[in-house]
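Work through the following exercises with the sequence and the model side by side. Each task is followed by a solution that proceeds one step at a time.

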Amino acid sequence: MISQRSDYTFKYNRSLGRHGWLRLTPAYSVKLVGEIIDTLPDARNILDPFSGTATTGVVAAERGHKSTLFDINPFLVWFGNIKLANVSRDDIAALRDALRQAVLSATDSQAAPEWFPPLKNIERWWSRETLTILAQLRSSLVKIIDEPKNAGFLALLWIAFARVAIEHSAAAFNHVSVSFHADPVSHSKQEILLAFESYAEAFIASAITPLPEKGVVHLHDSSSPFPEELPFGAVVTSPPYPNRISYIRELRPYMFWLGFLGEAREAGELDWQAIGGTWGVATSRLTTWSPAHECAMPSLEAIVEKIKSAGEKNSELLALYVKKYFYDMDKHIRSIQSMLKPSAEVHYIIGNSTFYDVPVATPDLYEESLLAHGFKNVSSRVIRKRNSKKELFEYCTSATYGWTKRTYHQTAPEHPREQPYEPQYEQLRLLESEAKYLGKQRPTSRYP
Ligand SMILES: C[S@@+](CC[C@H](N)C(=O)[O-])C[C@H]1O[C@@H](n2cnc3c(N)ncnc32)[C@H](O)[C@@H]1O
């Protein structure tokens, strides 16, 4: 029996120092990442091409490994780098001083704010009174520590601000949607500033414990070629899932308040660049999308056709959505090769999905792509059940890069099909890949 295992989700991270600064659902479990990293004692520098909240980087650093991370979302790049930064004693003193000044300035501020975040239907999120107080606190912070992007290590206070803004909103983030309480509550200035001070103090206290290793997050589209070739020994990551959940849905309020989105339409533009994005124009643009390259996932077309012929209003659109998601992931798997040394291990935490009862077996499709792009020892294991009703699971799909004699041990054979997970095509595709790549340590073919 496979359970829902909340210790393998972001819920496990909430109380864990840096990991608990912002409660973002895209985050995967610290426990799970730690377990994977512990099987990689030789991985001196771990690569995560889909950094999100930099969980991989922080867990790697805590265990004494360096890490290099990438994400397409500038807010997450900023946030990840603050999470990974160490602060000196002087920095701590400066943070406490800036905190005191910001609270004093916001307490005194009577000015009517000139700016509110351009979030659609903002009155559903905050009452006018709460918005005014948040905007006053925001201008005090700008005056004392500068805008988030320019605040250096003092940006930790911006994270406390973001936490307070969300905690005092009427929004509740559920699995697939954001819901709002009927009437946003009006909070007093004293209450908001007290919460801000408490979060800031707690975050400063957790930042005092230094991370023993370095990690850095870069802005990059990981479905395109990487700017330089680097020989990493391990990838530990969780890319978006093909489930129509956009990260931008949850990140939008943070991004508007902190100046990472200027206008409402920018959210859709950014989501169109992201794999699996659906926000705003990201969905309408799908209707004119067609692939510009081949995809090394032979089973994909049949799945796409089944969704298309489901006879529902959005069958065509969802078929395109699934197709684009896997084309982008295949492009990613091609690109990641330039960042791996022979025998590097890759571990992708991924989820399956269903569209109109058509199962989308994400691990099978990843396996096909990995095998076609020079990986071997390709396997998937179930991590947990994601949903009590539907057959939705989280898997870890793993592989080693290039051709070596290393033996790979699968750690958990448990699988919903109640038999070891061995796709029938594996033998055949191994031979194909072997013929293609044998004798070459690194395939030269690249997505143009
Ligand atoms: C499931 S989340 C990663 C969560 C992360 N493991 C954590 O613990 O926070 C997937 C991430 O992939 C990023 N992403 C989506 N498309 C991308 C792309 N083309 N290149 C790089 N990052 C991308 C999203 O912005 C999101 O942060």
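**Exercise 1.** Decide whether aspartate 357 is buried or exposed, and describe its place and its backbone.

*Solution.* Begin with the neighbour count: aspartate 357 has 9 other C-beta atoms within 10 Å, and a residue with 12 or fewer is classed as exposed, so aspartate 357 is exposed. Next, find its place, which is the loop between strand E8 (353-355) and strand E9 (358-360). Finally, turn to the backbone, where phi of aspartate 357 is near 65 degrees, a positive value in a residue other than glycine. This structure is a predicted model, and the angle is read from its coordinates.

**Exercise 2.** Carry out the steps of the previous exercise for asparagine 121, asking in which loop it lies.

*Solution.* Asparagine 121 belongs to the loop between helix H4 (89-108) and helix H5 (122-125). Its count is 7 C-beta neighbours inside 10 Å, and asparagine 121 is therefore exposed. Its phi is near 50 degrees, again a positive value in a residue that is not glycine.

**Exercise 3.** Classify arginine 285 by its C-beta neighbours, and state how far its C-alpha atom is from that of tryptophan 272.

*Solution.* First, locate arginine 285 in the loop between helix H11 (281-284) and H12. Second, since arginine 285 has 15 C-beta neighbours inside 10 Å, it counts as partly exposed. Third, although arginine 285 and tryptophan 272 are 13 residues apart along the chain, their C-alpha atoms are separated by 7.9 Å.

**Exercise 4.** Explain why helix H2 (residues 55-62) is described as largely enclosed by the rest of the structure.

*Solution.* Start with the residues: Thr55, Thr56, Gly57, Val58, Val59, Ala60, Ala61 and Glu62 are buried. That is eight of the eight residues of the helix, which is why H2 is said to be largely enclosed. Then ask what these residues pack against, and the partners prove to be helix H1 (30-37), strand E1 (45-48), strand E2 (66-71), helix H3 (74-83), strand E5 (215-219) and strand E6 (232-237). Just after H2, glycine 64 takes a positive phi of about 85 degrees.

Thr55 also appears among the residues closest to the ligand, together with Phe50, Gly52, Thr53 and Ser222. In total, 21 residues surround the ligand, and this shell is made up of twelve nonpolar, seven polar and two charged residues.

**Exercise 5.** Describe the largest nonpolar core, naming the residues that touch the most other members.

*Solution.* The core holds 120 residues, of which Leu156, Leu157, Ala160, Phe161 and Val322 touch the most other members. Helix H13 (residues 315-336) gives the most to this core, with eleven residues. The core draws at least three residues from each of domain 1 (6-84 + 213-437) and domain 2 (89-208). To follow one member, take phenylalanine 161, which, leaving aside its neighbours within four places in sequence, is in contact with Leu137, Arg138, Leu141 and Phe196.

**Exercise 6.** Find where in the protein chain the confidence is lowest and where it is highest.

*Solution.* The mean pLDDT of the protein chain is 86, and 85% of its residues reach 70 or more. Among the parts, helix H12 (residues 300-308) has the highest confidence at a mean of 98, whereas helix H15 (residues 426-437) has the lowest at 32. Over residues 404-448 the pLDDT is below 50, and this stretch has 52 contacts in the model beyond near neighbours in sequence. Where pLDDT is low, the predicted coordinates should not be read in detail.

Conventions:
Residues are numbered from 1 along each chain as its sequence is written. This is a predicted model: local features need pLDDT of at least 70, side-chain atom pairs count only at pLDDT 80 or more; totals for chains, interfaces and linings use all residues. A residue is near a molecule or strand if its C-beta atom, placed from the backbone, lies within 6 Å of it. Ala, Val, Leu, Ile, Met, Phe, Trp, Tyr, Cys and Pro count as nonpolar, Asp, Glu, Lys and Arg as charged, and the others, Gly among them, as polar. pLDDT is the predictor's confidence in each residue, from 0 to 100. Helices (H or I, at least four residues) and strands (E, at least two) are DSSP runs, numbered from the N terminus. Two residues are in contact if their C-beta atoms, placed from the backbone, lie within 7 Å. A residue is buried if 20 or more other C-beta atoms lie within 10 Å of its own, exposed if 12 or fewer, and partly exposed in between; C-beta atoms are placed from the backbone. A nonpolar core is a set of buried Ala, Val, Leu, Ile, Met, Phe, Trp, Tyr and Cys residues joined through C-beta atoms within 7 Å. Domain bounds come from an automatic or database domain assignment.
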